[in-house]
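Work through the exercises below with the coordinates open. Each task is followed by a stepwise solution.

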Amino acid sequence: MTLPNKLTIGRIIAVPLMVTVACIPALNDHYIFHDSGCYLTIANFVNLMIFILASITDFLDGHIARKYNLVTTFGKFADPLADKMLVLTSFLILMVQNDLQYYPASVLEGWPYHLTVTPLWAVAIILIRELMVSGVRLVAAQKGEVIAAGMSGKVKTFVTMIALIFAFIATVHVSIAILALVLVYVSVILTIYSGIVYLKNAKDILLESV
């Protein structure tokens, strides 16, 4: 069991831990910060810390594996799986919190009182893209081929993780919520673009027997 694989397993363990934290009522009913309608629940604060630590391991395991030639078959399978589990679970946790409320109204002035930072349609697009890529990778693996992740996919992952960091603290202030929403929209655009690029790179495999 190499160090990169241990870090990957740690990232996978973080997923059920985040779900557990999100499902504890006491952590959702008490606040780290609460003032004039702006707040941050203990649950979101704890999950933010878990998410940041898990995201750091995402960078470290790949860097260590390449630098010290510790790339393994398990790592090739588990690393992208752990990334998808972490990102999609975070989106689902934030999505089920429904609309985030921001006050006072004078701060918004013209904006709706409720801002949905992680809208259902955005999460659906990201989920569909990840399922599609996983399916293509499975077909490629059966043929003994590997489709490497492109730069657009790496940028998408980075922007998505930054968007989620701000989304976890979006209730602190309306400006953070708007920034989080913009980053989520950019993430969706990059998700669609990187998915198209991935399909283009895999077209020979997908269209082989058409």
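**Exercise 1. Count the salt bridges.**

Task: How many salt bridges does the rule give?

Solution. Start with the criterion: a side-chain nitrogen of Lys or Arg within 4 Å of a carboxyl oxygen of Asp or Glu. Applied here, it yields 7 salt bridges. The model is predicted, so local features need pLDDT of at least 70, side-chain atom pairs count only at pLDDT 80 or more, and totals for chains, interfaces and linings use all residues. Residues are numbered from 1 along each chain as its sequence is written, and side-chain values use heavy atoms, leaving out hydrogens and water.

**Exercise 2. Trace the contacts of Arg 11.**

Task: Which parts does the pair of Arg 11 and Asp 58 tie together?

Solution. Step one: take the distance. Arg 11 and Asp 58 form a salt bridge at 3.6 Å, N to O. Step two: place both ends. Arg 11 is in helix 1 (residues 3-22) and Asp 58 in helix 3 (residues 42-67), so the bridge joins parts 47 residues apart in sequence. Helices here are DSSP runs (H or I, at least four residues), numbered from the N terminus.

Step three: go on to Asp 61. Its closest approach to Arg 11 is 2.8 Å between N and O, a salt bridge. Arg 11 sits in helix 1 and Asp 61 in helix 3, so this pair links parts 50 residues apart in sequence.

Step four: add Asp 79. The closest N and O atoms of Asp 79 and Arg 11 are 2.6 Å apart, again a salt bridge. Asp 79 belongs to helix 4 (residues 73-95) and Arg 11 to helix 1, so the pair ties parts 68 residues apart in sequence.

Step five: assemble. Arg 11, Asp 58, Asp 61, Asp 79 and Asp 83 are linked in a salt-bridge network.

**Exercise 3. Classify the accessibility.**

Task: Is Arg 11 buried or exposed?

Solution. Set the cut-offs: buried is under 20% relative accessible area, exposed over 50%, partly exposed in between (1.4 Å probe, protein chains only). Arg 11 has 0%, so Arg 11 is buried. Asp 61, at 3%, is buried. Asp 58, at 16%, is buried too. Asp 79 has 22% and is partly exposed.

**Exercise 4. Check the cysteines.**

Task: How many disulfides does the structure hold?

Solution. The test is a pair of cysteine sulfur atoms within 2.5 Å. The count is 0. As for accessibility, Cys 23 is exposed at 57%, whereas Cys 38 is buried at 8%.

Notes. Helices (H or I, at least four residues) and strands (E, at least two) are DSSP runs, numbered from the N terminus.
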